Amino acid sequence: MKLTRRLSWFLAAFGAWSWVIWFTFAKNLFQDASGLAFDHGKPTAYLWVHLALAVVSFILGTIIGVIGIRGVRASRRHDK
């Protein structure tokens, strides 16, 4: 499959964006003082569900970002 340069950059940016957003969310999740993530020091279902969402998003963001970076590199080699 051949990706356009524009699509490759979009995928790479999406992968980076996913990491930035979900890393910030996970950091804030563990610093939660509202009682949603921890109930008397014990993790809640809210924490586990959102932690699972963050992990899946890290994995998908990495895969999508790698595909984008490979597409950018391939388009540069093709242009030379």
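**A pocket, a patch and two helices**

Asn28 is partly exposed, because its relative accessible area is 42%, and values from 20% to 50% count as partly exposed. In this predicted model, the residue sits in helix α1. Asn28 can also be placed with respect to Asp79, which lies 51 residues away along the chain. The C-alpha atoms of Asn28 and Asp79 are separated by 43 Å.

The next feature is the largest pocket. Rolling a probe the size of a water molecule over the atoms shows where empty space is left. The largest pocket holds about 200 Å³ of space. It is lined by 13 residues, and those closest to the pocket centre are Lys2, Leu3, Gly71, Ala74 and Ser75. Two elements give two or more residues to this lining: α1, which covers 5–30, and α2, which covers 45–79. The greatest share comes from α2, with seven residues. By character, the lining of the largest pocket consists of four nonpolar, five polar and four charged residues.

The surface also carries a nonpolar patch. Its members are Val55, Val56, Ile59, Leu60, Ile63 and Ile67, and together they have about 510 Å² of accessible area. One of them, Val56, belongs to helix α2. Is Val56 buried, partly exposed or exposed? Val56 is partly exposed, since its relative accessible area is 45%, while a residue must be over 50% to count as exposed.

Helix α2 therefore appears twice in this account: it gives the most residues to the lining of the largest pocket, and Val56 of the nonpolar patch is found in it.

Conventions: Residues numbered from 1 in each chain as written. Predicted model: local features only at pLDDT ≥ 70, side-chain atom pairs only at ≥ 80, totals over all residues. Heavy atoms only, no water. 1 Å grid on protein atoms, 1.4 Å probe; cavity = no way out; pocket = protein on both sides within 12 Å on 5 of 7 lines; lining within 4 Å. Points joined across faces, edges and corners; volume = space filled by probe spheres on them. Helix = DSSP H or I, 4+ residues; strand = E, 2+ residues; numbered from the N terminus. Nonpolar A, V, L, I, M, F, W, Y, C, P; charged D, E, K, R; others polar. Patch = residues over 30% accessible without salt bridge, like charges linked within 9 Å, V, L, I, M, F, W, Y side chains within 5 Å. Areas by Shrake-Rupley, 256 points an atom, 1.4 Å probe, with all protein chains shown as cover. Salt bridge = Lys/Arg side-chain N within 4 Å of Asp/Glu carboxyl O. Buried < 20%, exposed > 50% of the residue type's maximum accessible area, 1.4 Å probe, protein only.
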